[in-house]
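Here's a quick briefing to read with the model open in your viewer. It starts with the enclosed empty space and then goes through two sheets and what packs on them.

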Amino acid sequence: MTDHARRRFLKVLAGSAGALVVGVAFAPADAATPPWPLPPDRLGDDYRDLGLFVRIDGSGDVLIGAREPETGTGCATAIARIIADELDADWQRVGVLPLGLATENRDGRLTWPYGHQLGGMGESVPAAWADLRQAGALARWLLLEAAARRFGIAADRLRSEAGQVIAPDGRRLGYGALAADAARIDPPEHPVPLKSPERYGLIGRPAGDADAHAIVTGTLRFASDTYWPETLVAVLARCPWPDGELAALDAAPALAVKGVVKVVPLKPDPHAAPGETPLAPAVAVIATDTWAALQGRDKLKPVWKPGPSGSEDSTALEQRALALLEDKTATGITVRNDGDVQAASKKAARRFEATYVLPWLAHATPEPMHCLVRLEKDRVTLLLPTQAPQQAFAVVQRLTGLRPEQIEIQVPRMGGGYGRRLEHDYLAEALLLARETAGKPLKLLWTRTDDLGHDYYRPGAAIKLAAVLDRKRNVIAWSQRTAGASSLAGRGVSEDRLWTSELSADQLPAGLVPHYRSDWYALQTAMPRGMQRGMPHLSQAFAVESFIDELAHQLKENPLDTRLRLLGEPRQIPLGDGRVLDTGRLRAVLVQAAERLGWKQNWLHSVNGLGLACWRIGDAYVAHALEVALEGETLRIVRAVCAVDVGRVINPTGLEGQVAGATLDALGTALNLAVTFKDGRIQQTTYRDYPLAGMAQLPREVEVIVVPGENRAPSGASFLAMPTAAPALANAVFRVSAVRVRRLPLMREFLRLL
C-alpha cells in the first residue's frame, strides 16, 4: 500500500477538547491541522477543517460527517449507519453532519479528499459501502487499543458494544472516556479488519431519518431559510427564449421602488456548457429584501427578441419523432443488435407492434432554485443546494478565478433534487450578480413560475416496438425504435453516445430475446434539456412493460404468465455493461408483488383492474402491482404494491420510504404532468397548469416488499421504483376500462379515449 493510499484510510486527528477524530482523507501525514472546513459550532473545539470523519467527544456523543448531498433520499442517514455499525456506536448518541465540498492541492493537482460527492444518481450508498466502513472500523480499533492500555489486557480480548468497550471480566469504559487517549494512538499500517455480516448491529435494522425530528418540528433550516447579515436579494426577469436577446429596457421604474439597489442585465456565455451559465438572458433586480426585489421586477418591462428557438413547437416536434419512426430510410444509431431481427420476422407466426409517446417534463422541486453567496476580493463562500458539489466548484472557479483554498461551498439539505440540481445555471447567475454587491452577501431567489418556465426539461420521446412470436407464443425477435432529443446534446458528449441519456443498451428484454435490435433517432431542438430522476429508464419502461401487457392480451393469457415465460428459468445473463441480468431475482420481485395483490385470484374476476410491471436498474430489481377502480370518469388507485431487491439493505425504513415516495412521484407524474411549448415559450407557469397529484388521486398506502439480498453489496434505490409505476398503472387501467393508454399524461389521454 502506498503512503497516499494508507492516508486515504487512516487519517486520525486529535481534537483540542479531548475528541477523537477519524477521517478518511488524503492529507499530509504531518499536517498540524486538516485542510477542510467543518462548522466550528458543531465541533466545539478549534478544528476548522476535517475530512470525512467520526468524532467522539468526552461525553460519548458521536458526530458523523455525511459527504453526499442529501436531497431527501435518506442517504445521509444510511451512510452514517454504515460507519456507526463498524464503530459499534450507540445510535441514540449519533449526530449526522452534512459536509461541504472539500478540495486539496496534492503535488499541484486538485483532488477531492471526501471522494464521491454526488447525490441523486442512485450511487451514494453503493459508493460508500466499501471505503466508509473503514472509517468506523478504524475508530473502533483505536478505542479498543486505548482501552487495552487502561485495562492492561490485549486489545483482541476486548469487545465493543453500543458505545462501550467491555473487558472479559465485565469492566466497561465508554467511548467518551477513551476518546482522548485513542486520539493519541498511531493508526495501524494497514486497513483494519471489517465486521462480518452476522455481527452487524445497525445495518439492516430500521431507523428514522437523522433529520426527521427537525423536519417535522420545523426547526431544520434549508438554504432558502438562511440569510447572512446585510444580505441583498436578487430576482430575475428572464427572456422566454434561451437564445433570445434583450431588445429594450427602462430600468427607472424598478429603481424607483424603495429598497431596490441595482438593475443588472445578464447574458449566457455562449462558450460555456449548458448548466454552467445562465440558461437565458435576464435582467436582475437587486434589493434590500425579497418584497422590494419582486416589486422592482414587476415594474420592469423588458422587451425580448426571440432567437432560433422562437419557432419551437412541442406538437410539431412530436410529429417529427413519429415520422422518423415510420421512415424506413431514416438514419439512426443502432444501440444494440443481437441476432437477425429481419430474418426472424420472416418466420413469424405472429407479429405485433405499437407506438408510445412520452411528454416533456419539468422537475418542479418543492424548493425552487436559489443560492446564497458572499464574494469578496480573495474569497467566496456559498450556501449552495447542489447535487453535484464538484461540478459546482468548476463553475465557481471559472467565474471567480479564485484558488481552491479560497472557495468554500457549504451544501445544506435540499428540498428535492430530481436531477435539477445537477445543473448550476442558478449558481452562475448568483456569482455574476455577486460582483455587483461590493462584498455584501447576495441571495438569488427563483419563483415557481421561474422554475417551471426555465428548466432543463426531460425531453419527450416516441417509441415504436415490434415483437415477433413463434407458434409456441415465445417472443423470438424484438425491435425497438426510439426518437427523441438527447439530454446530453451540447455537453461534450460525442454524437454516437447521445442516446445514453434516453435509453440503455441492456434494458429489458435485451438478453431474453434471441433476436433483438434497438435504434435511436435523434431530434434536433433548441429547447433546454437535462437529466431527471429515473432517466434513462422511465420512458422505455413505460413502453416496454405496456407492450408486454398488450402481447398478453393479444395472446389471451395472464400477463404474469407472459412475463414469466419471457424471463425463462432463473439464470444469470451477461450484459454489455459488465453486469448480469439475474432472471431469478427479477422473477422473485415480480411474483411477490403479484401475490401480495392477490393476482392469481383476482386478475380476471375482480371488478377492478390489476396491472403489473417489472424492471432492472443496475444490480437492483423492482416490480409494481396496482389495482385501480373506475367510478364514472374517475380513476381511483385502490392498492399499490412494490417489491424491490437491492441486495443488502442498510436502513429498511429509509428504503421503504424511498420506494413509497418514488411510487407516488411516478404515479403523479404519469397521471397529470406534461410540459408543452409553442413559439418557443413554455406554456406551463404554475401548479395550476402543471398539477401535482393530490391525495385523492393517489393510493392511501404503498405496500413495500423487500426481497432479502444479504449476500450481495447494496445497490442504489433512490429512483428504483420510478420506472414501473406508470406502466403498471396503464395496464391496470386497460383491465378495468378496455382503454389502452399509449400516451402520457394518462388522465388526459384516458379521458380522450374513454
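This is a predicted model, and it holds five cavities of 30 Å³ or more. The largest cavity comes in at about 300 Å³. Here are the details, topic by topic.

**The largest cavity**

- Its lining is made up of 23 residues, and T73, A78, V125, S715 and A717 are the ones that lie nearest the centre.
- Which elements give two or more residues to the lining of the largest cavity? They are α3 (75-87), α4 (124-151) and α18 (652-672).
- Rolling a probe the size of a water molecule over the atoms is what shows where empty space is left.

**The four-strand sheet**

- Four strands form an open sheet with mixed pairing, in the order β27-β28-β29-β32.
- At the edges sit β27 (609-617) and β32 (702-706), each pairing on one side only.
- From one strand to the next, the twist averages 15°.
- Strands β28 (residues 620-631) and β29 (residues 634-645) run antiparallel and are joined by 11 bridges.
- Within that pair, A629 stands opposite R636 in β29.
- Helix α18 packs on this sheet and touches β28, β29 and β32, with its direction at about 130° to that of β32. You've met α18 already, as one of the elements lining the largest cavity.

**The seven-strand sheet**

- This one is also described as open with mixed pairing, and its seven strands follow the order β13-β14-β11-β21-β18-β19-β20.
- The edge strands are β13 (260-266) and β20 (407-410), and each of them pairs on one side only.
- Ignoring direction, neighbouring strands here are turned by 20° against each other on average.
- Helix α11 (residues 389-400) packs on the sheet, where it touches β18 (370-376), β19 (379-383) and β20, and its direction makes about 145° with that of β20.
- Helix α12 (residues 425-434) packs on the sheet too, touching β11, β13, β14 (282-287), β18, β19 and β21. The direction of α12 makes about 35° with that of β18.

**A look at β21 and its partners**

- Strands of a sheet pair through backbone hydrogen bonds, and they can do so parallel or antiparallel.
- How does β21 (residues 442-445) run relative to β11 (residues 232-238), parallel or antiparallel? The two run parallel, and three bridges join them.
- On the β11 side, V233 has K443 as its bridge partner, while A234 is partnered with L444.
- With β18, the pairing of β21 is antiparallel and involves four bridges.
- C371 stands opposite L444 in β21, so to speak across from the residue that A234 bridges to.
- Side chains in a regular strand alternate between the two faces of the sheet.
- In β21, L442 and L444 point one way and K443 and L445 the other way. What about K443, is it buried or exposed? It is buried, as are L442, L444 and L445.

**What the record says**

- An unreviewed UniProt entry annotates residues 217-308 as "domain: Aldehyde oxidase/xanthine dehydrogenase a/b hammerhead".
- Over residues 217-308, the chain is 15% helix and 29% strand.
- The end C-alpha atoms of residues 217-308 are 49 Å apart.

Methods
Residues numbered from 1 in each chain as written. Predicted model: local features only at pLDDT ≥ 70, side-chain atom pairs only at ≥ 80, totals over all residues. Heavy atoms only, no water. Pairing = 2+ DSSP bridges. Axes fitted to C-alpha atoms, helices over the stretch in contact; angles between N-to-C directions. Contact = heavy atoms within 4.5 Å. UniProt positions renumbered as here; feature names shortened; annotations may be inferred. Buried < 20%, exposed > 50% of the residue type's maximum accessible area, 1.4 Å probe, protein only. 1 Å grid on protein atoms, 1.4 Å probe; cavity = no way out; pocket = protein on both sides within 12 Å on 5 of 7 lines; lining within 4 Å. Points joined across faces, edges and corners; volume = space filled by probe spheres on them.
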